[in-house]
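Hi,

Here is the structure I said I'd pass along. Have a look at it first, and my notes on what turned up follow below.

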Amino acid sequence: MTDNPAPAKIEVLEEDAVTRLRLSGRFALADLTALNSRLTAATGQKPVEVDLTGVTRLDTGAAWAIAEAELRAKAAGQTLTLTGGNPDTLSLIETVRKALPKPDADEVKARSLADRMEGLGRAIMGALAFLADLVAYLGLFLARLARSLRHPSEFRLTALVHHCQEVGLKAVPIVALMAFLIGVVLAFQGSTQLRQFGAEVFVVDLIAVSILRELGILLTAIIVAGRTASAFTAAIGSMKMREEIDAMRTLGIDPATALIVPRVLALFLMLPILGLIANAAGLIGGAIMSWVELGISPAMFRSRLIEGTDISHLIVGMVKAPVFAIIIGVVGCQAGMKVGNNAESLGQKTSAAVVTAIFSVIVADAMFSIFFAQVGL
C-alpha cells in the first residue's frame, strides 16, 4: 500500500532583493487558483525566485500559471527564475512555455520611431522597385518594337489588328455613352449655376474646355484602364499559369514580341481615336442639354464653340492620349507576366493592375496639367 502524495503547499518568503516562493507537494487543477494568485501578487515589484525542489508532481495547469507569471514579470521589467525541480517538471514547464501564443508586437506595444521609419523605408523601396520594374517593361516594349521595325517579318500584324478591335472598336459604345452623359451633366449643372449671373451662353465654353482639355480623354483612359488592363493581365497571366509562355521560349518565340508589343501598340493607336469619339459624344450631349435647358440652338452652340474655343484645348487633350495608352498597356502586361501558378495570384494581379493603371493615369494627368500651366497652354 502506497502513501498518498503530500498536498500542495506554497510558502512566500519576502527578502530585501527578491521574493522567494517555495513550492512543495503535488500541484493539480484544484490548486491552480491559489498558485496563480500567489504568483500574480509576487510578480511586478521585484525579482521572483520559484523553488521547485519540493514539488513531487506538477500538472499542465500549474505549469501554465508559472509560464504566465514569467511573461508578466518580463512585461513589468522584472525577472522570474526557477530553481530546483526534477527534469520532468522543468520539461513540462518548457513545453507549456513554447506552446503559449506569441503576442503581436504591433498590437501589444506601440511601435518605436525606428520601427516606423523602417516600415516607411520598406514601403518607399518597394514602390521604387515596382516603378523600376514598370520602366524595365517599358524599355522592353520599346526595344522589341524597334526590333520589329528592323525585321518586319517578326512583326505580328494579325495580333495587332485583333487587339485593335478588342481595345478600340468594342470599347466605342461604352466610351461614347459615358462621354455623352458627361456632356449632359456638365450642361445641366453649368446652366444651373450660370443662370444666376445671366451668363448662360458661357455654358458652351464650360462644356468645350472641360471635355476637350480634361474629361474626354481622362475618363476614356480610366474606362480603358479598367476594361483593358484587366484583360491584358488575365490573358497573359492565364498563359503563364498554363506554362504557355515557357513553351513559347522553348520554341524560340520571344514572349515580349508576341504578347506585349501588339497589345501596347494597339492601345497606342486606338486610345487617341477613342478620345476623339469621346470628345464628339460629349459635345453632342452638352449641345442637346443646352438646347433643352437654355434654348441654345445647335447652330448657336456650334458658332460659339468655333469662335470661343481655341484649338489648343483639343491639342492638350490629344497629347495625353498616347502617354495614357502606354501606361495602361505596360501596367497590364507587367502584371500579367508577374502572375504565379495559381488562380489566387491571377485574381490579385488583375485587381492590382486595374488599380495601378487608373492611379497612374490620374497622376500622369495631374503632371500634364502642371506642365501645360507652366508653359502657358
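Cysteines first: the sulfur of Cys333 is 14 Å from the closest cysteine sulfur, which belongs to Cys164, and that is too far for a bond. A pair would need its sulfurs within 2.5 Å to count as a disulfide, and the tally for this protein is 0. Seen from the other end, Cys164 is in no disulfide either, with the sulfur of Cys333 as its nearest cysteine sulfur at 14 Å. Both cysteines are tucked away by the usual cut-off of under 20% relative accessible area: Cys333 is buried at 1%, and Cys164 counts as buried at 15%. Keep in mind that this is a predicted model.

Now the overall picture. The protein has 13 helices and 4 strands. Its radius of gyration is 36 Å, while the globule rule gives 21 Å for 377 residues, so the protein is more spread out than a compact globule. If you are setting up a box, the C-alpha atoms fill roughly 115 × 65 × 40 Å along the principal axes. Of the 377 residues, 40% count as buried. The exposed surface comes to about 20,300 Å², with carbon and sulfur atoms supplying 64% of that area. Looking at contacts with a separation of 6 or more, 80% are made by residues 24 or more positions apart.

On charges, there are 33 positive and 33 negative ones, and their mean positions lie 6 Å apart.

A few residues are worth pulling up in the viewer.

Ile207 sits in helix H8. This isoleucine counts as buried, because its relative accessibility is 0%. Setting aside neighbours within four places in sequence, Ile207 touches Leu186, Ala187, Gly282, Leu283, Gly286, Ser290 and Phe301. By contrast, if you go to Leu140, 67 residues away in sequence, the C-alpha to C-alpha distance from Ile207 is 40 Å.

Glu293 is in helix H10. With a relative accessible area of 30%, Glu293 is partly exposed. Beyond its neighbours within four places in sequence, Glu293 is in contact with Phe188, Ser191 and Arg195. Its C-alpha atom is also 9.9 Å from that of Glu200, although the two glutamates are 93 residues apart along the chain.

Ser297 comes shortly afterwards, in the loop between helix H10 (255-294) and helix H11 (298-308). At 25% relative accessibility, Ser297 counts as partly exposed. Its C-alpha atom and that of Ala208 are separated by 16 Å, with the two positions 89 residues apart along the chain.

Last one: which backbone angle of Glu243 has a positive value? That would be phi, which is near 65° in this non-glycine residue. Glu243 belongs to the loop joining helix H8 (203-241) and helix H9 (244-250). Glu243 is exposed, since its relative accessible area is 51%.

That's what I have for now. Shout if anything looks odd on your side.

Cheers

Technical notes:
Residues numbered from 1 in each chain as written. Predicted model: local features only at pLDDT ≥ 70, side-chain atom pairs only at ≥ 80, totals over all residues. Heavy atoms only, no water. Helix = DSSP H or I, 4+ residues; strand = E, 2+ residues; numbered from the N terminus. Rg over C-alpha atoms; globule rule 2.2 N^0.38 Å. Buried < 20%, exposed > 50% of the residue type's maximum accessible area, 1.4 Å probe, protein only. Contact = heavy atoms within 4.5 Å. Areas by Shrake-Rupley, 256 points an atom, 1.4 Å probe, with all protein chains shown as cover. Lys, Arg positive; Asp, Glu negative; His and termini not counted. Charge placed at Lys NZ, Arg CZ, Asp CG, Glu CD.
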